[in-house]
Amino acid sequence: MQEVSNKPFSYESFPTCGTVAYFSMEIAINPGMPTYSGGLGVLAGDTLRSAADLGVPLVAFTLVHRKGYFQQHLNAVGEQSEDTQPWNPSDFCTEEAARVTVGIEDRVVTVRAWRYDLEGRCGHIVPIYLLDTDLDENSGWDRGLTDHLYGGDTNYRLQQEIVLGMGGARMASALGLHVNVYHMNEGHAALLTQALLESELGGGPLEGFTEVDVEQVRRKCVFTTHTPVPAGHDRFSTEQTIRILGSARTARLEKLGCFQDGLLNMTLLALRFSRYANGVAMQHGKVSREMFPQYQVDSITNGVHAPTWIAEPVRQMLDDHIPAWRRDNLYLRNAIELPEKDVLYAHARAKEALLTEVASRTGLVLNPRVLTLGFARRAATYKRANLLFLDPDRLLKIAEQAGGLQIIYAGKAHPQDVPGKALIRSVIETASKLSSDMLRVVYLENYAWDLGAQLTAGVDVWINTPRRPYEASGTSGMKAALNGIPSLSILDGWWIEGCIEGVTGWAIEDGESDAEEAGSLYHKLESAVVPLYLEAPEKWARLMRTTLAFNGSYFNTNRMVKQYTRNAYYPVKLVERTPVEEAAFAGDPFEA
Ligand SMILES: *Cc1c(COP(=O)(O)O)cnc(C)c1O
């Protein structure tokens, strides 16, 4: 057979100039592995899934979290109790032979790594190394350091951060990886900079560093911050830092300007050692620049991994009409031309699957024709899960206007978050008081990946009511958008960018109080959402189409990872390259 002259040229992988090492305290790797708690871990997992799809050379480090986050149980009155989620790393991962050590208090702790190979759609592999201290050579306490995600007190947390940051950086080296970019996903991993600095010093005295040594580390590090409020940043007391990290390192960190108000601030540490830093939405970048005016902070808006979060019936529809969406999510823009009846059919099937799940979990049979709202996320008080219930009479009237209303809730409160737990109780209490033939409210237990996927694909409208400016980005509304589901949300985080009124959903107007914002929420339901839902299915289908076209094509990690790759990891002019690397870049599709 004759060679075709325009045979497609394929790059084996991204130009070979080393690898990115991505560090995150939590990563949602696989639905069967309880190694994440919420948004941060899901974002990390989606980032790695897209990096694998795109063939970006990247490896990741996290902790193994042998006891998981926690399994949530809710009793009849909404009191939460928790169970551990033990899992067996050898069921999913391969043990690496390499061992490294870290110093914690006055002990030497040995660390090993389990490798999970995450495979992209074309076979490219992103290895994830899960660090583990459960080894015979460690003491009982140290063996448990990698057990609980966000468990224990700040002493436990700082010790975990040593394992993640310093252990991870040393493990990368022990594994023989040629890392040229270290990406700290949130400040939890900031201590990796200290392992790199100490490696620069070549075993010399810890205090004997110069600005040149710092610069050597900075050239390799990038940092993503995720918290828009000062209290959200990881901080440790001087006493803790001296006791756990040692006095020489503490003195160095003080000299480097990483203490604020007498506390070691992990965000400041990460910023001090990064050549590039970003917030996770346009607004969040701005807020972060105001919080840390001495640093440049860019914005790369979050996304979600489209194939993970699009429900099967919607995937089938997209495969039929826009098959290129799997290769490049930008093609989802063409969803604008999907046939209305196909959109309605795909959504009806996703809704049916969700209602079947609700019935099997709770025995409650919901009506597939009735307008159904979804609200699911961590039960942190700033997310205001009970804003919808602020005026129960008005909510009941809306339910009557709509010919029925169904609201599905889910979310865990951190075991130590007493107000968060009270919030769940109050939602469940109000729900049982208000529930009638017209208004059905259900709170589902144990919000996790699988339930999240069903909820964000199966409801009709996604509700988000954070108190501004606490939501750095938020991602569950993006999952909904990829299924064509509009949001009704507070203008904070990603929604400032994603909201086109009446086209991708609706904005809850900013108010001076909870009551004012609840008023706007009710008003939008009464004047926009319910009338459109009742008017004609084709009109609703058109809203779903524009939601998918405008927001599905943008708020995905396929776009986001390309931005990280080109704006953060390998910016075109910033990287100083050896001639060999220069030659490798000559074939770079982005550089033409
Ligand atoms: C997507 C997701 C989150 C994050 O939701 P936000 O809207 O960003 O708060 C949390 N938990 C689970 C299980 C998720 O799937």
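E211 and R272 form a salt bridge in this predicted model, with the closest N and O atoms 3.2 Å apart. The pair links distant parts of the chain. E211 sits in helix 5, whereas R272 belongs to helix 8 (residues 266-272). In sequence the two residues are 61 residues apart. Their exposure was also computed. E211 is partly exposed because its relative accessibility is 46%. R272 has a relative accessibility of 18% and therefore counts as buried, the limit being under 20%.

In total, the structure holds 43 salt bridges. Another of them joins K220 to E200. Here the closest N and O atoms are 3.6 Å apart. K220 lies in the loop between helix 5 (211-218) and strand 10 (221-224), and E200 lies in helix 4 (residues 192-200), so the salt bridge ties together parts that are 20 residues apart in sequence. K220 counts as partly exposed because its relative accessibility is 25%. E200, at 31% relative accessibility, is partly exposed as well.

A further salt bridge is formed by R467 and D514. The closest N and O atoms of this pair are 3.2 Å apart. R467 is found in the loop between strand 19 (461-464) and helix 16 (476-482). D514 is placed in helix 18 (residues 514-535). The pair therefore ties together parts that are 47 residues apart in sequence. R467 is partly exposed, with a relative accessible area of 34%. D514 is also partly exposed, at 29% relative accessibility. Elsewhere, salt bridges that share partners join several residues into one network. Its members are R66, E95, R99, R112, D132, D134, D136 and R143.

The sheets come next. Strands of a sheet pair through backbone hydrogen bonds, in either the parallel or the antiparallel sense. Six strands make up an open sheet with parallel pairing. Their order is 18-17-16-19-20-21. Strand 18 (439-444) and strand 21 (505-508) are the edge strands, and each pairs on one side only. From one strand to the next, the twist averages 20°. Within this sheet, strand 16 (residues 371-376) runs parallel to strand 19, and two bridges join them. G374 has W462 in strand 19 as its bridge partner.

Helices pack on this six-stranded sheet. Helix 14 (residues 418-434) touches strand 17 (405-410) and strand 18. The direction of helix 14 makes about 150° with that of strand 18. Helix 15 (residues 449-458) packs on the sheet too, touching strand 16, strand 17, strand 18 and strand 19. The direction of helix 15 makes about 155° with that of strand 17.

Another open sheet is formed by three strands in the order 11-13-12. The pairing in this sheet is antiparallel. Strand 11 (235-237) and strand 12 (259-260) are its edges, each with pairing on one side only. Two bridges pair strand 12 with strand 13 (residues 263-265) in the antiparallel sense. F259 stands opposite L264, a residue of strand 13. Helix 6 (residues 238-245) lies across strand 11, strand 12 and strand 13. Helix 6 runs at about 85° to strand 11.

G279 has its place in strand 14 (residues 276-279). At 0% relative accessibility, this glycine counts as buried. Beyond its neighbours within four places in sequence, G279 is in contact with T225, H284, G285, V297, D298, S299 and I300. G202 provides a further reference point for G279: the two are 77 residues apart in sequence, and their C-alpha atoms are 33 Å apart in space.

On the surface, I336, I500 and F550 make a nonpolar patch of about 210 Å². F550 is located in helix 19 (residues 537-552). Because its relative accessibility is 31%, F550 counts as partly exposed.

Methods:
Residues numbered from 1 in each chain as written. Predicted model: local features only at pLDDT ≥ 70, side-chain atom pairs only at ≥ 80, totals over all residues. Heavy atoms only, no water. Helix = DSSP H or I, 4+ residues; strand = E, 2+ residues; numbered from the N terminus. Buried < 20%, exposed > 50% of the residue type's maximum accessible area, 1.4 Å probe, protein only. Contact = heavy atoms within 4.5 Å. Patch = residues over 30% accessible without salt bridge, like charges linked within 9 Å, V, L, I, M, F, W, Y side chains within 5 Å. Areas by Shrake-Rupley, 256 points an atom, 1.4 Å probe, with all protein chains shown as cover. Salt bridge = Lys/Arg side-chain N within 4 Å of Asp/Glu carboxyl O. Pairing = 2+ DSSP bridges. Axes fitted to C-alpha atoms, helices over the stretch in contact; angles between N-to-C directions.
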